[in-house]
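Please open the model in a viewer and keep the sequence panel at hand. The tour below proceeds selection by selection.

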Amino acid sequence: MAIYTLEHAIRELLEDCGDRLNFVSLDADDPANDVLLKKYGINPLPAVLYLNATNEVVAYTLGFSGTEKIKAGIAKILPSPPNLSSNR
């Protein structure tokens, strides 16, 4: 249930700034994703990594820690983050 809640919250926030961000969801059970999981040290799951334009991790969250943490991560990767609704 936590993964659905996390993805649902991210998708809602992307309505406000999705034209400036890419959201990628990886299936950790798919061996084809092992390289990325190892490269970014993604463990435990679920994890959200916020990468800048040069693919450096500038923030991350583990599990679903609420929309405010997601907004804070987005603010770290956008030069001028949009005014994300606080009622989500």
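Begin by selecting Asn33, which is located in the loop between α1 and α2. The model is a predicted one. Is Asn33 buried or exposed? Asn33 has a relative accessible area of 14%, and it is classed as buried because that value is under the 20% limit. Display its surroundings next: leaving aside residues up to four places away in sequence, Asn33 touches Leu26 and Asp27.

**The whole chain**

Now select the entire protein and colour it by secondary structure. Three helices and two strands are present, and their order along the sequence is α-α-β-β-α. The protein has 88 residues, of which 27% count as buried. Switch to a surface representation: the accessible surface comes to about 6,000 Å², and carbon and sulfur atoms account for 52% of that area. If contacts are drawn between residues at least 6 apart in sequence, 43% of them join residues at least 24 apart.

**The hairpin**

Select β1 (47–51) together with β2 (57–62). In which sense do β1 and β2 pair? The pairing is antiparallel and runs over five bridges. To find one matched position, pick Ala47 and look across to Leu62 in β2, which stands opposite. In general, side chains in a regular strand alternate between the two faces of the sheet.

Move next to the connection, where five residues lie between the strands of the hairpin. Select Asn55, which belongs to this loop between β1 and β2. Its backbone merits inspection: phi of Asn55 is near 65 degrees, a positive value in a residue other than glycine. With a relative accessible area of 46%, Asn55 is partly exposed, because this value falls between the 20% and 50% limits. Add Tyr40 to the selection and draw a distance between the C-alpha atoms: Asn55 and Tyr40 are 15 residues apart along the chain, and the separation is 9.9 Å.

**Helix α3**

Select α3 (67–77) and centre the view on Ala72, which is placed in this helix. Ala72 has a relative accessibility of 38% and therefore counts as partly exposed. A C-alpha distance drawn from Ala72 to Tyr50 gives 9.9 Å, across 22 residues of chain.

**The largest pocket**

For the last stop, display the largest pocket, which holds about 980 Å³ of space. Which elements give two or more residues to its lining? They are α1 (2–17), α2 (34–39), β1 (47–51) and α3 (67–77). The lining comprises 31 residues. To place the view at the middle of the pocket, select Phe23, Val24, Ser25, Val48 and Leu49, the lining residues that lie nearest its centre. Finally, colour the lining by residue class: 24 of its residues are nonpolar, four are polar and three are charged.

Definitions and conventions: Residues are numbered from 1 along each chain as its sequence is written. This is a predicted model: local features need pLDDT of at least 70, side-chain atom pairs count only at pLDDT 80 or more; totals for chains, interfaces and linings use all residues. Side-chain values use heavy atoms; hydrogens and water are left out. On a 1 Å grid over the protein atoms alone, a cavity is a set of points where a 1.4 Å probe fits but cannot get out, and a pocket is an open set with protein on both sides within 12 Å along at least five of seven lines; lining residues have an atom within 4 Å of a point. Grid points are joined across faces, edges and corners, and a volume is the space filled by probe spheres set on the points. Helices (H or I, at least four residues) and strands (E, at least two) are DSSP runs, numbered from the N terminus. Ala, Val, Leu, Ile, Met, Phe, Trp, Tyr, Cys and Pro count as nonpolar, Asp, Glu, Lys and Arg as charged, and the others, Gly among them, as polar. Buried means under 20% relative accessible area, exposed over 50%, partly exposed in between (1.4 Å probe, protein chains only). Contact means heavy atoms within 4.5 Å. Accessible areas come from the Shrake-Rupley method with a 1.4 Å probe; for residues, only the protein chains shown count as cover. Two strands pair if DSSP finds at least two bridges between them.
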